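Biologist: Could you pick one part of this model and walk me through it closely? I'd like to know what it packs against, and then hear about anything else that catches your eye.

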Amino acid sequence: MSIDCVAVAGAGTMGNGIAHVCALGGFRVVLIDADPGALERGVATIGRNLDRQLARDVITGEERAGALARIAPSASLDAVKGAGLVIEAVPEIAELKYEIFAELDRLAPGHAILASNTSSISITAIAARTGRPGQVIGMHFMNPVPVMKLVEVIRGLRTDDATTNAVMELSRALGKTPVEVRDFPGFVSNRILAPMINEAVFALMEGVAEAEAIDTVMKLGMNHPMGPLTLADLIGLDVVLHVLEVLHRELGDDRYRPCPLLRQYVAAGWLGRKAGRGFHTYA
Ligand code: NAD
């Protein structure tokens, strides 16, 4: 594989995690964010997370220093010009992603692969905004990126084999386990997770059991590390609702209709952990 420099566009929750694992994996990394404050916070977060890994003996002091030295922050998308792979992690707004991919197509070297970390937007539609649809692919990392092993690798309708193979190989080089999936709404992860959470909310609304009881059944009965309502609180109820709306609209099947109670909680601002209250209450 000829990739030695990875550009990451967006230094938020996912972008700084992706930059972190790429730098630890030995790649030169250009971390780009349009907001200078967000860029600074992203770099600081990487430093803190590397320190935590060092304290737990997950990495050595040398690995920490090497990773930090390989990261170059930038405020401009122009910085993608030396990259063999660009991973986009800007907010989940289709029009914004379309614009950025048209721009990346113009700025990145002709051989570069353009990947998106989107959780719900069609890779095929993003790819159509570029003159290189064969080299556009989804790399769906999980949060927190340095900890979670999975990368869902999403092949758009026109993604070519060489691009898919290169991204599978690079993901393994990062210590991740890539899984190849096709470009359908929600991919595999959210197609299965979001309806499970939705069903838990229906069970709560219908009074089948209390929130605590629903979570305990799934934790102790199904061996899930946390219950579906606790997980929804962690993800953010607005994000869960958005994913269900995408599934419902794009697949046109009522089995994905968001539970009215979920809509009510979002309307009330009970968005989960980040708001201090969702299906559970947080201090
Ligand atoms: P975030 O809001 O934390 O970060 C996005 C960053 O992009 C911000 O720092 C913002 O300043 C920057 N940005 C906005 N416009 C830009 C531009 N034009 N150029 C460069 N930077 C720009 O978002 P996030 O939670 O990291 O999510 C990013 C993507 O990852 C989304 O597509 C989301 O669906 C996906 N995702 C998120 C999670 C999660 O748990 N947060 C998990 C998997 C996938």
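**A close look at one helix**

Modeller: Let's take helix α10, residues 237-251: with 15 residues at 1.5 Å a residue it should span 21 Å, and its end C-alpha atoms are 21 Å apart, so the two agree. Keep in mind that this is a predicted model. Now for the side that's tucked away: L237, V240, L241, V243, L244, V246 and L247 are the buried residues of α10. An α-helix has 3.6 residues a turn, so residues three or four places apart point the same way. As for partners, the buried residues of α10 pack against α7 (189-205), α9 and α11 (260-268). Just past the end of α10 you'll meet G252, with a positive phi of about 60 degrees.

Now back along the chain to P225, in the loop between α8 (211-222) and α9 (228-235). P225 counts as exposed because its relative accessibility is 79%. Its C-alpha atom is 35 Å from that of G37, and the two residues are 188 residues apart along the chain.

One more stop: D33, in the loop linking β2 (28-32) to α2 (36-55). D33 is buried but has no salt bridge, and R41, the nearest side chain of opposite charge, is 7.3 Å away. What the D33 side chain does reach is the backbone nitrogen of A11, at 2.7 Å. Leaving out residues up to four places away in sequence, D33 touches G10, A11, G12, A38, L39, S74 and A75.

Technical notes:
Residues are numbered from 1 along each chain as its sequence is written. This is a predicted model: local features need pLDDT of at least 70, side-chain atom pairs count only at pLDDT 80 or more; totals for chains, interfaces and linings use all residues. Side-chain values use heavy atoms; hydrogens and water are left out. Helices (H or I, at least four residues) and strands (E, at least two) are DSSP runs, numbered from the N terminus. Buried means under 20% relative accessible area, exposed over 50%, partly exposed in between (1.4 Å probe, protein chains only). The expected span of a helix is 1.5 Å times one less than its number of residues. Contact means heavy atoms within 4.5 Å. Lys and Arg count as positive and Asp and Glu as negative; His and the chain ends are not counted. A salt bridge is a side-chain nitrogen of Lys or Arg within 4 Å of a carboxyl oxygen of Asp or Glu. A polar contact is a pair of N or O atoms within 3.5 Å; within protein, one must be able to donate a hydrogen and the other to accept it, and residues adjacent in sequence count only if both atoms are side-chain atoms.
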